Amino acid sequence: LEENAMIGLFCGGMYEEKRLDFLVQACSKIKYRFPNFHIIFIGGGPLENTIKDFAADKNWVHFIGPVYDDKIKASYFLISDVLLQPGLVGLSILDGIACGVPTITTEYPYHSPEIDYLENGYNGIISKNTLDNYCEAVLGVLMDSDKCERLKNGCKETIHQYSMEQMVNNFASGIKQCLNIKSPSLEK
């Protein structure tokens, strides 16, 4: 990778709902307008050949395949600038937030519940669900170092909300609230 490369990352299962065909088209358009762009693909699945074929003749597309070692996976997140997930957003958004890598996705109607971790404009971007809008959203982050840094800082702030300590406190508070609820009267 060139020293001044801006790196997009896809991490996840490679199946229909992830919209890999959409992402491949987006990456080509982004590269055309932003020559320093590189994309790393981590994952595997039924559509991984789509990505292998896309990467075959492009030195800016890096297919890694499945990664099961968390330290190795984290190293890819830590060198990335954005997490590109135009389709279903799943657990990888938490890896992105933990590593300070904002997710850029679309208003796709079938996201997993983890999409709730994304605060549009604060720790990631949700664009309109079109190829052009998605490309503009990605380019808007890659070409604006201040915006990119703000989103990365938003991720770093967000992770404090989801620490183990905070989750334990939230769980304990929920139990306490349940125990303080009075039982409804069984009178007839």
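**View 1. Buried residues and the overall fold.** Buried residues account for 44% of the 188 residues in the protein chain. Keep in mind that this is a predicted model. The chain has seven helices and six strands, and if you read along the sequence you get the pattern β-α-β-α-β-α-β-α-β-β-α-α-α. Its C-alpha trace spans about 75 × 35 × 35 Å along the principal axes. Take the contacts between residues at least 6 apart in sequence: 60% of them join residues at least 24 apart. On the outside, the accessible surface is about 10600 Å², with 53% of it belonging to carbon and sulfur atoms. As for charge, there are 17 positive and 24 negative side chains, and the centres of the two sets sit 4 Å apart.

**View 2. The largest nonpolar core.** This core has 33 residues, and the ones touching the most other members are Phe37, Phe41, Leu84 and Ile104. The elements that chip in two or more residues are strand 1 (6–11), helix 1 (20–33), strand 2 (37–42), helix 2 (48–55), strand 4 (82–84), helix 5 (131–142) and helix 6 (145–161). Helix 5 gives the most, with eight residues. There is also a second, separate core of 10 residues, which includes Val67, Phe77, Leu83 and Val101.

**View 3. Zooming in on Phe41.** Phe41 is one of the residues that touch the most other members of the largest core. Leaving out residues up to four places away in sequence, Phe41 touches Phe10, Met14, Leu23, Ile51, Phe54, Val61, His62, Phe63, Ile64 and Gly65. Strand 3 covers residues 61–65, so look there for the run from Val61 to Gly65 in that contact list.

**View 4. Lys29 and Asp132, a salt bridge between two helices.** The structure holds six salt bridges, and three of them get their own views here, starting with this one. The side chains of Lys29 and Asp132 meet at 2.8 Å, N to O. The pair ties together distant parts of the chain, with Lys29 in helix 1 and Asp132 in helix 5, 103 residues apart. Both ends are partly exposed: Lys29 has 37% relative accessibility, and Asp132 has 48%.

**View 5. Glu48 and Lys52, a salt bridge within helix 2.** Here the closest N and O atoms of Glu48 and Lys52 are 3.0 Å apart. The two residues are separated by about one helical turn, because they are four residues apart in helix 2. Glu48 has a relative accessible area of 19%, so it counts as buried, while Lys52, at 36%, is partly exposed.

**View 6. Lys73 and Asp95, a salt bridge from helix 3 to helix 4.** The side chains of Lys73 and Asp95 meet in a salt bridge at 3.1 Å, N to O. Again the pair links distant parts of the chain: Lys73 belongs to helix 3 (residues 70–78) and Asp95 to helix 4 (residues 92–99), 22 residues apart. Lys73 is buried, since its relative accessible area is 19% and the cut-off for buried is under 20%. Asp95, at 27% relative accessibility, is partly exposed.

**View 7. Arg19, a buried charge with no salt bridge.** Arg19 lies in the loop between strand 1 and helix 1. Its relative accessibility is 17%, so Arg19 counts as buried. Even so, Arg19 has no salt bridge, and the nearest side chain of opposite charge, Glu16, is 8.0 Å away. The backbone deserves a look too: Arg19 is not a glycine, yet its phi is positive, about 60°. Setting aside neighbours within four places in sequence, Arg19 is in contact with Pro86, Gly87, Thr106, Tyr108 and Asn129.

**View 8. Asn59, out on a loop.** You'll find Asn59 in the loop between helix 2 and strand 3. With 64% relative accessibility, Asn59 counts as exposed, because anything over 50% falls in that class. Asn59 and Ile39 are 20 residues apart along the chain, and their C-alpha atoms are separated by 9.8 Å.

How values were computed. Residues numbered from 1 in each chain as written. Predicted model: local features only at pLDDT ≥ 70, side-chain atom pairs only at ≥ 80, totals over all residues. Heavy atoms only, no water. Core = buried A, V, L, I, M, F, W, Y, C linked by side-chain atoms within 4.5 Å. Buried < 20%, exposed > 50% of the residue type's maximum accessible area, 1.4 Å probe, protein only. Contact = heavy atoms within 4.5 Å. Areas by Shrake-Rupley, 256 points an atom, 1.4 Å probe, with all protein chains shown as cover. Lys, Arg positive; Asp, Glu negative; His and termini not counted. Charge placed at Lys NZ, Arg CZ, Asp CG, Glu CD. Salt bridge = Lys/Arg side-chain N within 4 Å of Asp/Glu carboxyl O.
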